[in-house]
Amino acid sequence: MTAMLEVEDLEVSYGKIVAVKGISFTVDEGDVVTLIGTNGAGKTTTLRTISGLLRPSGGQIRYQGQRIDSMPAHKIVTLGMAHSPEGRRIFPSMTVEENLLLGAFSRQDRPAIAKDLQAAYDLFPILGERSKQPAGTFSGGEQQMLAMGRAMMSRPKLLMLDEPSMGLSPLMMKRIMETVKTLQAQGTTILLVEQNARAALRLATKGYVLEVGKIVLTGSGQELLHSDEVRKAYLGED
């Protein structure tokens, strides 16, 4: 069976600096796949390249068997892939509802959009309760909910989440991770970049460890959680 997402020998450069150095990995339908590693390992660059925000300098990216590595970002969204970026990137002066509707920019099916808007409110009730408020009045955790809800408005088959728990309280981080589990149960495939390696690996079907632009370890979430190398380097254990 062909993987939903196939990344093969991917290289990404910023001028003379090679940030991603020939990595290969797959994401199967229905899985939660996580990329972990320290800052500067190439995780965010990888997601931005998959979603069409950056152009690779080498390698291939295939989504459902179709090459997408030279496709513009807005076109990739229409294929069924969404990206919730690092730092949320919401529009603070626009209302919560306006931010959510921007996630459906490529769609014309108004009744279905209205249904998905309600689904976002069901998933994150605070968004519905404050739908007419400017998004900039939200806390960091609430903004993360909004960013995830906005990404879901394109009805993605594959959702890429970049550091969803960054800067959040432990309670809010737990809520976001529970939402990832809920989305998977609803049939969404997840590619997760997350600084909290323990939380990410607990959720993950499969994980890849990146160091300075290369994949150095791979395994199931449980295998990596119990790897001595991962525990020492990323989980703060001796």
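**Stop 1: the sheet**

Start by selecting strands β1, β2, β4 and β5 in this predicted model. Together these four strands make an open sheet, and reading across it gives the order β2-β1-β4-β5. The pairing is antiparallel. In general, strands of a sheet are held in pairs by backbone hydrogen bonds, in either a parallel or an antiparallel sense.

Which strands sit at the edges? Colour β2 (17–27) and β5 (66–67), and you have them: each of these strands pairs on one side only.

Now zoom in on β5 and its partner β4, residues 58–63. Two bridges join β4 and β5, which run antiparallel. To see one pairing up close, show arginine 62 and arginine 67: arginine 67, in β5, is the bridge partner of arginine 62.

**Stop 2: helix α4**

Next, select residues 110–123, which form helix α4. Try a distance between the C-alpha atoms at its two ends: they are 20 Å apart. Why does that agree with expectation? The helix has 14 residues, and at 1.5 Å a residue it should span 20 Å, so the two values match.

Then show the side chains of Ala112, Ile113, Asp116, Leu117, Ala120 and Tyr121, the buried residues of α4. As you turn the helix, remember that an α-helix has 3.6 residues a turn, so residues three or four places apart point the same way.

What covers these buried residues? Add α3 (96–102) and α5 (125–129) to your view, since the cover includes both helices.

**Stop 3: the largest pocket**

Switch on a surface and look for the largest pocket, with a volume of about 590 Å³. Its lining has 24 residues; to find the centre, select Val77, His83, Pro85, Phe105 and Arg150, which lie nearest to it. Four elements give two or more residues each to this lining: α1 (43–50), α2 (73–79), β6 (81–84) and α6 (140–152). Colour the lining of the largest pocket by type and you will find twelve nonpolar, seven polar and five charged residues.

**Stop 4: the second largest pocket**

Finish at the second largest pocket, which holds about 330 Å³ of space. Of its 15 lining residues, Ala119, Met152, Leu183, Gln186 and Thr188 are the closest to the centre.

Which helix gives the most to this lining? Bring back α4 from your second stop: α4 contributes five residues, the most of any element. Helix α6 also supplies at least two. By type, the lining of the second largest pocket splits into seven nonpolar, four polar and four charged residues.

Methods. Residues numbered from 1 in each chain as written. Predicted model: local features only at pLDDT ≥ 70, side-chain atom pairs only at ≥ 80, totals over all residues. Heavy atoms only, no water. Expected span 1.5 Å × (residues − 1). Buried < 20%, exposed > 50% of the residue type's maximum accessible area, 1.4 Å probe, protein only. Contact = heavy atoms within 4.5 Å. 1 Å grid on protein atoms, 1.4 Å probe; cavity = no way out; pocket = protein on both sides within 12 Å on 5 of 7 lines; lining within 4 Å. Points joined across faces, edges and corners; volume = space filled by probe spheres on them. Nonpolar A, V, L, I, M, F, W, Y, C, P; charged D, E, K, R; others polar. Pairing = 2+ DSSP bridges.
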